[in-house]
Amino acid sequence: MTLNTVTRSLRVLEAVAAHQPVTAAELSKIFGMPESTLRRTLRTLNEAGWLRAHHRDATRWEIGSRVFAVRATALRSTGLFPAAREPMIRLRDALNETVLLSVPDALNDMVVVDRVDCGHAVRSFHAIGDTSPQYATATGRAVLAHLPVPEVDDVVAGGRDGYGAPSRTDPAELHAELSRVRDRGYAVDQNRYRPGVCVVAAPVLGHDGAPLAAVAVSLPEHRFDPMRLDELGQLVKDTAAEIAARHFD
């Protein structure tokens, strides 16, 4: 495979990520090259797992599972991952609920990079590499609450599709909620982004107060007790602080 072919494949992959789901004809207009050439590139990327056909329209292409797997692996290869493992296990043992570590990416998503499962037969499940919009989830709002207002505005301006009836998509409402998250130190998602799932998340902060990640406890709604919210929030906050301390030790 020549360098030009590799470069073209990477550019097509980037274009699909930016415009998905997208057709070969649409990509042809973007790149100014024949559709036949682009179809060959798309098929090659599909065979390698980097792209997949859209489930509702096979003529449209979107990012494949291999991209998410590679991204999760890359994000896990940081000093934060080993620093978080033992505190996450202790939090899981204290609550017997699933514990997650998620990090923000350049696309304004949160990516699950580690998970410690609970012992319950019925539990919430989040695959490594799963992504979710920052503004729509507890892990994302835990991070957004510690970003400068202009950065939050950029995230909000990028799209605010509602996830569940209670999701906050209005910028003023979101900023008000982020203020509450900063005040109490954790964010709560009760049956919002994923129906039947509750999440309590706290940010892992750097020395400068910038958010590096979020640690969260995730559990089915039927096991969530609002009367224990302060207890859950404090345990998650303590875990996040311990992760930060171990990361910078």
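With which residues is Ser9 in contact, leaving aside its neighbours within four places in sequence? In this predicted model, the contacts of Ser9 beyond those neighbours are Thr41 and Leu45. Ser9 itself is part of helix 1. Its relative accessible area is 12%, which lies under the 20% limit, and Ser9 is therefore classed as buried. Both of its contact partners, Thr41 and Leu45, belong to the buried residues of helix 3.

The chain as a whole contains nine helices and nine strands. It comprises 249 residues, of which 44% are buried. Among contacts with a separation of 6 or more, 58% are made by residues 24 or more positions apart. The accessible surface amounts to about 12,500 Å², and carbon and sulfur atoms contribute 52% of this area.

Helix 3 spans residues 35-47 and lies across strand 2 and strand 3. The angle between this helix and strand 2 is about 105 degrees. From the first C-alpha to the last, the 13 residues of helix 3 cover 18 Å, close to the 18 Å expected at 1.5 Å a residue. The buried residues of helix 3 are Thr37, Leu38, Thr41, Leu42 and Leu45. Viewed down the helix axis, these buried residues are confined to an arc of 135 degrees, so they line one face of helix 3. Just after helix 3, Gly49 adopts a positive phi of about 90 degrees.

A similar description can be given for helix 2, residues 24-31, in which Ala24, Leu27, Ser28 and Phe31 are buried. An arc of 110 degrees holds the buried residues of helix 2 when seen down its axis, so they line one face of the helix. Gly32, just after helix 2, has a positive phi of about 65 degrees.

Strands 1, 2 and 3 are considered next. They form an open sheet of three strands in the order 1-3-2, with antiparallel pairing. Strand 1 and strand 2 (51-53) occupy the edges and have a single partner strand each, so one side of each lacks a neighbour in the sheet. Strand 1 is joined to strand 3, residues 60-63, by two bridges in an antiparallel arrangement. Within this sheet, Thr23 is positioned opposite Arg60 of strand 3.

A further set of antiparallel pairings involves strand 5, residues 109-116, in which eight of eight residues are buried. Six bridges link strand 5 with strand 4 in the antiparallel sense, and Leu100 is placed opposite Arg115 of strand 5. Strand 5 is also joined by three bridges to strand 6, residues 131-133, again running antiparallel. Met110 has Ser132 in strand 6 as its bridge partner.

Several backbone features fall in loops. Most residues other than glycine have a negative phi, and most peptide bonds are trans. The peptide bond from Gln20 to Pro21 is cis, with omega near -10 degrees. Pro21 is located in the loop between helix 1 (3-19) and strand 1 (22-23). Asn96, which is not a glycine, shows a positive phi of about 55 degrees. This asparagine, Asn96, sits in the loop connecting helix 5 (80-95) and strand 4 (98-104). With a relative accessible area of 29%, Asn96 is partly exposed. Asn191, also a residue other than glycine, has a positive phi near 60 degrees. The position of Asn191 is in the loop between strand 7 (187-190) and strand 8 (197-205). Asn191 is partly exposed as well, its relative accessible area being 27%.

The loop between helix 6 (138-144) and helix 7 (149-157) contains Ala145. The relative accessibility of Ala145 is 1%, under the 20% limit, so this residue counts as buried. Beyond its neighbours within four places in sequence, Ala145 makes contact with Leu178, Val181 and Arg182. The C-alpha atoms of Ala145 and Tyr186 are 9.3 Å apart, although 41 residues separate the two along the chain.

Key: Residues are numbered from 1 along each chain as its sequence is written. This is a predicted model: local features need pLDDT of at least 70, side-chain atom pairs count only at pLDDT 80 or more; totals for chains, interfaces and linings use all residues. Side-chain values use heavy atoms; hydrogens and water are left out. Helices (H or I, at least four residues) and strands (E, at least two) are DSSP runs, numbered from the N terminus. Buried means under 20% relative accessible area, exposed over 50%, partly exposed in between (1.4 Å probe, protein chains only). Contact means heavy atoms within 4.5 Å. Accessible areas come from the Shrake-Rupley method with a 1.4 Å probe; for residues, only the protein chains shown count as cover. Two strands pair if DSSP finds at least two bridges between them. Axes are lines fitted to C-alpha atoms, for helices over the stretch in contact, and angles run from 0 to 180 degrees between N-to-C directions. The expected span of a helix is 1.5 Å times one less than its number of residues. The arc is that of the directions from the helix axis to the C-beta atoms.
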